[in-house]
Amino acid sequence: MDSTKLMKLREESGIKILEIKTDLSSYAASDLRKVLEDLLAEKVERVVVNLSEVSHINSTAVGALVGVAKRLRQNGGDLKICALADNLTRTFNLIGASSVVEIYESENSALAAF
Amino acid sequence: MAKSDIKFKIPSTVFYIEPIRAFIGNLAQSLGFSRKRVADIQLVLDEICSNAIHHGSVDATVGVKLQIRIDTHSLEILVRDTGSPQAGEKSWLTQERLSEIEENRSPSSERGHGIFIAKSLADTHEMHPNSVGGTDVRVVFGL
């Protein structure tokens with residue numbers, strides 16, 4: 001199965017919005033990394049990742065988000081995350097990633113933060 | 001409930017983690033774990049299986065063994081890999097390697113959080129080299 005089909009990209013005001021519609025265990029996490037690295041290769045600067053339909057995320061997926069956020073910042077851009085379920089917030093907090101990546105309650109607030 | 005064991009073996013590819021995660025989630029829910037704890041158990045299972053596949057398997061064919069033990073007080077998961085010998089090591093799990101992973105882990109690290117997560121969320125977390133040259137990871141969640 002190709003989980004990239006469950007990762008939908010759209011654009012609003014020059015910001016790429018990536019909607020994830022699958023849980024992010026290791027298999028989908030490697031696909032997430034590929035999708036994000038494609039965005040880096042396309043020189044995209046501003047990305048919002050909407051996790052409202054995700055009920056599980058593992059450390060590989062969190063690591064991919066953190067890594068791409070760091071690389072985007074080096075080029076003046078950023079990656080922001082929005083709409084996390086409580087258990088996802090706990091995972092980000094446990095790892096400490098919530099101090100590295102900006103997390104917003106809603107997609108609109110993440111977009112407005114750029 | 002009397003003590004029961006469920007055993008299975010999955011190929012060493014991450015594709016199989018998702019169905020196993022769904023299974024353990026349903027099982028933990030049936031046993032009466034809270035929603036929060038079910039999510040913790042699923043995350044820990046994902047992390048230790050992922051480590052067993054990425055660091056403890058030479059290739060997909062060797063497989064990873066899982067044993068789930070349930071009783072009235074707890075849910076125990078044992079994940080056994082066969083090791084991925086590198087640079088003369090019998091197993092990726094050496095005390096030196098574990099210390100290195102722990103020291104290098106930071107909030108901005110892209111990798112190396114799995115053991116920390118398992119240690120943090122499970123009531124008991126143990127890692128031991130096993131007789132086949134790999135690693136046994138045992139985690140227990142109390143009901």
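**Entry 1: the contact between the chains**

I began with the contact, which takes 26 residues from chain A and 25 residues from chain B. I note here that the model is predicted. I then looked up the area. Chain A and chain B bury about 1,900 Å² between them. Of this, 55% lies on carbon and sulfur atoms. I asked which three residues supply the most of what chain A buries against chain B. They are Arg90(A), Leu94(A) and Ile95(A), with 28% of that area.

**Entry 2: charges and polar pairs**

Next I looked for salt bridges. I found a count of four between chain A and chain B. I picked out one of them: the side chain of Arg90(A) meets that of Asp40(B), with 3.3 Å from N to O. Arg90(A) is thus on my list twice, for this salt bridge and for its part in the buried area. I also looked up polar contacts across the interface of chain A and chain B, and there are twelve residue pairs, both partners at pLDDT 80 or more.

I then asked which elements give two or more residues to the side of chain A that touches chain B. They are H1, helix H2 (59-74) and helix H3 (86-95) of chain A. H2(A) gives the most, with seven residues.

**Entry 3: strand S2 of chain A**

I turned to strand S2 (residues 15-20) of chain A. Is it enclosed or open? Six of its six residues are buried, so S2(A) is largely enclosed by the rest of the structure. I checked both faces. On one side, Ile15(A), Ile17(A) and Glu19(A) are buried. On the other side, Lys16(A), Leu18(A) and Ile20(A) are buried. I noted the general pattern: in a regular strand the side chains alternate between the two faces of the sheet.

**Entry 4: the neighbours of S2(A)**

I looked up the pairing of S2(A) with strand S1 (residues 7-12) of chain A. The two run antiparallel, joined by six bridges. Leu9(A) has Leu18(A) in S2(A) as its bridge partner. S1(A) and S2(A) form a hairpin, with two residues between them. In the turn, Ser13(A) has a positive phi of about 50 degrees.

Then I took strand S3 (residues 46-50) of chain A. It pairs with S2(A) in the parallel sense, over four bridges. Lys16(A) stands opposite Val47(A) in S3(A). I followed the chain from S2(A) to S3(A): it crosses through helix H1 (residues 26-41) of chain A, and this β-α-β crossover is right-handed. H1 of chain A is also among the elements I listed on the side that touches chain B.

Notes:
Residues numbered from 1 in each chain as written. Chains lettered and ligands numbered in written order. Predicted model: local features only at pLDDT ≥ 70, side-chain atom pairs only at ≥ 80, totals over all residues. Heavy atoms only, no water. Buried < 20%, exposed > 50% of the residue type's maximum accessible area, 1.4 Å probe, protein only. Pairing = 2+ DSSP bridges. Right-handed = clockwise from strand over helix to strand, strands pointing away. Contact = heavy atoms within 4.5 Å. Buried area = accessible area lost by both parts, 1.4 Å probe. Polar contact = N/O pair within 3.5 Å; in protein donor to acceptor, adjacent residues only side chain to side chain.
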